[in-house]
Each structure stands twice: as C-alpha cells, then as structure tokens.
Amino acid sequence: MRTLLQRLQRPWPSLCACCGDWQEAPFCLACVRDFAQPRPRCRRCAVALTPGPGLATGVCEACTREPPPLTRCVAALDYAFPWSGAIARVKFQGHVGLAGFLGQLWRAAPGSEPLWEEADCRLVIPSGRARLRERGFHAVAVLARAFGGAALQHDVLRCHDRAHQVGATRAERQAQVAQAFWVDNAAPLQGRTVLVLDDVYTTGATLHAAARCLRDAGAREVWGLVLARTPD
Ligand SMILES: [Zn+2]
Ligand SMILES: [Zn+2]
C-alpha cells in the first residue's frame, strides 16, 4: 500500500511537448537547454540583440531612436517554437500544469528575479471582464502565480473591455489599446518603481499603454517582466 502511495505521489510520466521523449516534466531537460538559452536582450524592450552597436550599449536601435515608456524590460524566452505553443495551451486550454512549469522557467531566467526584487510595486497586466468571463480565468495571473508572485497588487490597474473590431486599422487598434487602461488605486504608485508582468511582448503596445497610464497616475518608473518576447 505504502509503495503504491509513493508511486502515485511521483509525477506522472509524460511526453516532452517539444521532442516527444518520455520524462516527468512538460518539457525535457535537453529541450529546455536547447530552446531556453539566455541571450543578450535590449534592457528597454527585451528584444534579442544581434552583434552590432546595440550589443555594446545594451539598448537596441529602435529604443535608442525612440525611448519607450518602459525604462527596463526583461524576457525569459523567445516567443517562438516551442514556447509559443506552450503559452497558447495555457491561455486557450487552461493547462495549469504547464503554467507551473513555465512560471519556474520565467523565474529562473537571468534578470527576472533581480527586477522582481528591486521593484517597489508589482502587478499583472489586467484583463477585461468580458474576456475573463469567456475564458473563466486570467492566464497572465496564473503564470504570475506560478512565477511565485504572491505579493502582487491586483487593485491598481484596470482594463476596459476592448471591442474586437474586425477590419480596424493598425492605428485604430493602437488607439483602442492606448485607452484600454485606467488606474483604480493610485496610492501604491506614488513615486514608486512599478513592475508590470505580462505573458507575451509583441509590439509592446499593451505594456507601453499600461506604463503611460501608471506614470500619469504617479509612478516614478515602470518596468516590464514578460515570459516571452517575439524575436524581432
Ligand atoms: Zn524534449
Ligand atoms: Zn529595445
């Protein structure tokens, strides 16, 4: 009986979501080694830096030309195979076990923990009510909890339900995102460094809109901490 219990308490063997090898975590060690290699990234937008002037200064060309509202940004993974698929399984299929695994990878990435520790106030990018009802859970909050983020401020930033306008132009979509956020509780922001967690950074429009909103409400600086960043 005891052996049976011990056997049941062991993690269930499963297939690596990347290479299909049998092992006990959603991804095997070899795939994590191959695909989650830390790489030099821009300190303001976390884009991977290629050899060139950006690599020496730590800031990419785009951020040098036009500094974004985030003063620092750290990403753990590239938003590419196999992580883009894994994040989609958390978001659209509610795969909580995978969220736990990704949260650990997120925390283990160089730069994640120092940013978390140095910030005065930490929050998760909010989701609109309609989307929350539709999915039944907030994927970023689940990932942030897996990161180990218990000390998160959930009452500061709020998000309007965005109308999904089919055929909206890029400029119209950007305007919608810019007006998506509002601050409900500005007290924890005053003169503080605020860290915003999000799952994916693609154009940065969402995080930048949140950062502007938080700065307007009194934050001294806003930093971003994302699980995955599009490679360029
Ligand atoms: Zn594998
Ligand atoms: Zn940059």
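## Exercises on a predicted model

Histidine 208 touches Pro68, Pro69, Leu70, Tyr201 and Thr203, once residues up to four places away in sequence are left out. Keep in mind that you're looking at a predicted model. Let's start with that histidine.

**Exercise 1.** Find the element that holds histidine 208, and decide whether the residue is buried or exposed.

*Solution.* Step one: look for histidine 208 in helix H11, which covers residues 205-216. Step two: take its relative accessible area, 13%. Step three: buried means under 20%. Histidine 208 therefore counts as buried.

**Exercise 2.** Work out how helix H5 and helix H6 pack, and which residues do the touching.

*Solution.* Begin with the spans: H5 runs over residues 83-93 and H6 over residues 96-108. Their axes are 9 Å apart, at an angle of about 130°. Angles over 145 degrees would be roughly antiparallel, and 65 to 115 roughly perpendicular. The pair is therefore oblique. As for handedness, the crossing of H5 and H6 is left-handed. Now the contact: H5 brings Trp83, Ala86, Ile87, Arg89 and Val90, while H6 offers Leu98, Ala99, Leu102 and Leu105. Sorted by class, that gives eight nonpolar residues, one charged and no polar ones.

**Exercise 3.** Say which residues of H5 are buried, and what covers them.

*Solution.* First pick out the buried ones: Trp83, Ala86, Ile87 and Val90. Next, look down the axis of H5: these residues fall within an arc of 100°, so they line one face of the helix. Then turn to the face pointing away from the buried side, where you'll find the exposed residues Phe92 and Gln93. Finally, the cover over the buried residues includes helix H2 (29-35), strand E3 (72-78), H6, helix H9 (139-147), strand E7 (193-201) and strand E8 (221-229).

**Exercise 4.** H6 has another partner to try, H9: describe their crossing and contact.

*Solution.* The axes of H6 and H9 come within 7 Å and cross at roughly 60°. That makes H6 oblique to H9. The crossing here is right-handed. On the H6 side you'll see Ala99, Gly100, Leu102, Gly103, Gln104, Trp106 and Arg107, and they meet Val142, Leu143, Ala144, Ala146 and Phe147 of H9. The classes come out as eight nonpolar, three polar and one charged.

**Exercise 5.** Check the backbone on either side of H5: what is the peptide bond from phenylalanine 81 to proline 82 like, and what phi does glycine 94 take?

*Solution.* Start with proline 82, in the loop between E3 and H5. The bond leading into it from phenylalanine 81 is cis, with omega near -5°. Then go to the other end: just after H5, glycine 94 has a positive phi of about 60°.

**Exercise 6.** Compare notes on two more residues, alanine 46 and valine 196: where does each sit, and is each buried or exposed?

*Solution.* Take alanine 46, in the loop between H2 and helix H3 (53-57). Its phi is near 65°, which is positive in a residue other than glycine. With 0% relative accessibility, alanine 46 counts as buried. Now valine 196, which belongs to strand E7. At 1% relative accessibility, valine 196 is buried too. Leaving out neighbours within four places in sequence, valine 196 is in contact with Leu123, Ile125, Leu207, Leu214, Val222, Trp223, Gly224 and Leu225.

How values were computed. Residues numbered from 1 in each chain as written. Chains lettered and ligands numbered in written order. Predicted model: local features only at pLDDT ≥ 70, side-chain atom pairs only at ≥ 80, totals over all residues. Heavy atoms only, no water. Axes fitted to C-alpha atoms, helices over the stretch in contact; angles between N-to-C directions. Helix = DSSP H or I, 4+ residues; strand = E, 2+ residues; numbered from the N terminus. Parallel < 35°, antiparallel > 145°, perpendicular 65-115°, else oblique. Left-handed = near helix turned anticlockwise from the far one by under 90°. Contact = heavy atoms within 4.5 Å. Nonpolar A, V, L, I, M, F, W, Y, C, P; charged D, E, K, R; others polar. Buried < 20%, exposed > 50% of the residue type's maximum accessible area, 1.4 Å probe, protein only. Arc of directions from axis to C-beta.
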